[in-house]
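User: Hi! Could you walk me through this model?
Analyst: Happy to, here it comes.
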Amino acid sequence: MSGEPGTAAEELTFRDAAGEPVSVIAEVDAAESRVGEFLTARRVRFNGTELRQLRVAAASDRRAGYERLDNEILAGRRLNEVVGHDFGYPASVSRLRGDEAESAEPFALLEPYLGEPLQAVVGTMMDDEQREFETGLLTGLCWLEAAGIAHRGLTPSTVRWDSSRRQAQITDFSLCTVFGVPREAIGARDWVGPEQRSGGKVSGLVSNRDDMNSAAKLIYYVRCQGEPLKRPDLLAQVGLAYLEPLIAPPEKRPTARELFRLRQGRDSPVPRGLGGDGRLKEGHAVFDARRREKHPSIGREQPPPAARPAPHRGPGTPPQGGAGAAPPVPADSGKRHRWGLGRQS
Amino acid sequence: MTAEILRLSGLDNRNATLAADELLADRVRHPVLRRMLVMDDAAALFDRASVYQLLLTSGRMERLLCVAVGPLVPPAPGRGPKLRIPPNISSQQGSAVLWVGDPQGVDVSLMGRLADGHQGTPLSGLDYLLEVLSVDEVFDKVIATLRNSVGDGVASPGLHLAGADDEAVSFAAALVLATRRITAPGTGLAASPEGPYPSLLPAGTGPVHLDPDGELAGYRDGVAAAAAAAGKRRGGLLHRDRSDPRDDVVAVGADLRAMRDRVAQLFTTAQSTGEPTEAQRDQIIRAGVVLPPAPRTAAGSAGHPLTAQSVGQAAVRSGDTLPKVIRRLTLTAKQLKHEGSASHLRDVEQACPQPLVGRLLGTPPRPEGKAAADTWLQGLGLADAVRAAERLDALVLEVARTEWAVGGMTADEVTRTRIVLDGICKRLTEHASNAEPPTLRGAQAGRITRLSESLTPILYDLVDRVLATEAAAPSPGGQQAYDRARAKTGDLLTEWQAHAASKGDIFSPPFAATVLHDSRMYVEDDVAGIRDALQHDARQVMWQLCGPGDLGMLKPSEPLSVVAFAPRQTKEALGAAVPQDMTWTRSGSHAGLLRLVPLRPSAIWVVWVDREDMGEAAADALDDVLSETGTDPWS
């Protein structure tokens, strides 16, 4: 350890993106920044690699913090599994490099985010950058669609733009969930669709069209150099009439893939059919198994095939068996998260 | 740049040497020592020869002015008091000495014999003298006067001062004020409208229409004609014409489908988020859309094409604040957004739904029987087909106006200008925020405000220069353009301040295109006190920095050596009513007169030989012989 000012040496034990256990002595920053209400982030370095460590904030609701962190970890794992080894990991979504999900002090290790949050750079995006942002955002959403993930928290602070790479990046999956679970009131009121807005009529199941409402608002926000969308009719005034369907009820919105094709005149670069292969199903099964282990009352989202063994979750928790060994549980009827890792809080 | 002061008073020779050594060695805090003002004890001066040798041979000093403080002492019992000067700081060596017998000084006339105590000043006379001598121009003038006009280069200083603004301080404060004015969030001085800049927007809808003989108009007319023909047969169905109108209905469907497909194809191939290419224009025209003959670009007053940069520059110079120009450019860019014709493909489907076309093409044969035929007729949708063709016609014209008939100005260019102005505004705001807030009152506040107004055109030049830098070599991205503009603004501000400090000219930094020779900072009322001070008769009462008993050491001579000085900024307001040999200063907060009264030669001893070689008594005797025995009142 070089022992730079403001840093300390700390042993980190976690599982890497491939699920392999890793233990390193890392140089960690003393300074932490708050990430939303329940999480904190700090910089860690080891073996010449710099990562961003997300942890549950000390003085916060631990249960909510665990849930947020679980979402980040599970979204990252799912994206890693979807992308697998066949494709280069997409720059349009943040990347989980490892996690420690089982102890009372869990954490996620992410690659450093690209660029800056939109709210910081929207004023300096040229016209061509604004268009490239749209393409990058839709590409990122196509990857989320392929992974079956709804972000539910797309805002100018969770979506970033890297001007030097000309790359958009979706980050902060702390509010995300999987398609098919009941909707809940969640996310920043000004940026989410009415179907998940607190105080509105929250109903139906989360789908691959839910995030598109936020996407329309972000595209408008960027194209208008930082001006939030106040009324749908403003879209046509700046040549964005094609976004109007995204403001419609969820079932009438185009998916990210459909909008990408409409705008680009070609298919999204995200391969089709990723969700149908064994890896994703296996991944789903792992999530389900973990979820049932800690939250037996939560139903499963799809029939679980034989799943690989999941790691031991901590003291007092019996090693989990395969998903097939889990007892069948009734479908969830509540608004509870349906893929939480579960943790004794 | 001001003269450095080395204070040796009260120090023994060892510590005086150390003090000099430290000053010479500290090139960080004292990078320039070309003008050295040494304050020393008059009684110890002679023993400092080695210290002055150290200073003069340091290679860092150009001129040295010594202020010897304190009463003169006799070199030996029974001898008259003398100021014994090391030869290396004598006038022959290019240096000079001012003797301050008493730092408090007295008010005295050269023609009178009585001295009064000086009152009403917060500082001692010595303090004021050092402030005045620290100003480069005064320093140089005093040395030149002492060397050229005062016999031994040794004199007693007398002051008659008026307050004035320090130009360096005034410049800093005025620059902050000018910067705050141009970066204020409000709308600025000019009552220009809000909203986008009309001169940057397309000049109107333009003569866009469908060529009556063109392809698209042909489809439209074909639909209408076939529908009319079918209608006629429908009439015949009931009364005269017994032929089946189904073929006409299918023809309507075929024309409508052809028109729909052609429009969709055109919207796809002519997709452009800016001005269409020549090839795309050809395709549009071949489809039968008549566009304006050439891209419309507005012209400025000089006939040059207007650019976002030139419009922004003109707006800033007209008095709009930078934030207001930025806002208006943002609105302009919004109106210049073009998503291209492909973004209207969805509208093609809305204008002409596929089911309508399918229904027309798949029209079944006319059924037998009146009731069935009526139902069949109602289901044909001929009127819908005509309306669909008209909607497609209108859609094409709308897209032609908003997407294809656009001028040369692009949102990208406007956005780039806006981003550069953002960077400039940010850096200027930082400059104003980081500066000490000027506390200005009364007349000084008015003067600084007027100076800031004089600086404003140069600030506009700075904005122009930064915009031109980006235009000459556009940055690859917006963030880079912003960072570059911010850095360039900082560089130019630094350049301006450095130029003002080194050249004393705040109005002509290298980047300035505006020619300004002076400011309107001072008006008549501001300089009345300075003028009075400058017009004071130096033979009358002034604040002489000596004690009453020292007057006998002085020997006023004619012509009287007087340095008259005032801030350069007051020159215009003072006009011609100033002494001929004025010294105009670029810094300092005083104006007035510095009277240099020579010492009697008998009071000065410049020793060129060691004391062992020349007895003091002999030297004194020699001096006394050489000294004049004039009859001036102080002798």
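User: How much area does chain B expose?
Analyst: Chain B exposes about 27,500 Å², and carbon and sulfur atoms supply 53% of it. Areas follow the Shrake-Rupley method with a 1.4 Å probe, and for residues only the protein chains shown count as cover. Bear in mind that this is a predicted model: local features need pLDDT of at least 70, side-chain atom pairs count only at pLDDT 80 or more, and totals for chains, interfaces and linings use all residues. Residues are numbered from 1 along each chain as its sequence is written, chains are lettered from A in the order in which they are written, and side-chain values use heavy atoms, leaving out hydrogens and water.
User: Switching to the interface, how many residues does the contact take from each chain?
Analyst: Chain A brings 26 residues and chain B brings 22, where contact means heavy atoms within 4.5 Å.
User: And the area buried there?
Analyst: About 2,000 Å², with 46% from carbon and sulfur atoms; that is the accessible area (1.4 Å probe) the two parts lose on being put together, summed over both. A:Thr124, A:Met126 and A:Gln225 supply 30% of what chain A buries against chain B, more than any other three residues.
User: Nice. Which side chains meet in a salt bridge?
Analyst: B:Lys334 and A:Glu227, at 2.8 Å, N to O. The rule finds one salt bridge across this interface, defined as a side-chain nitrogen of Lys or Arg within 4 Å of a carboxyl oxygen of Asp or Glu.
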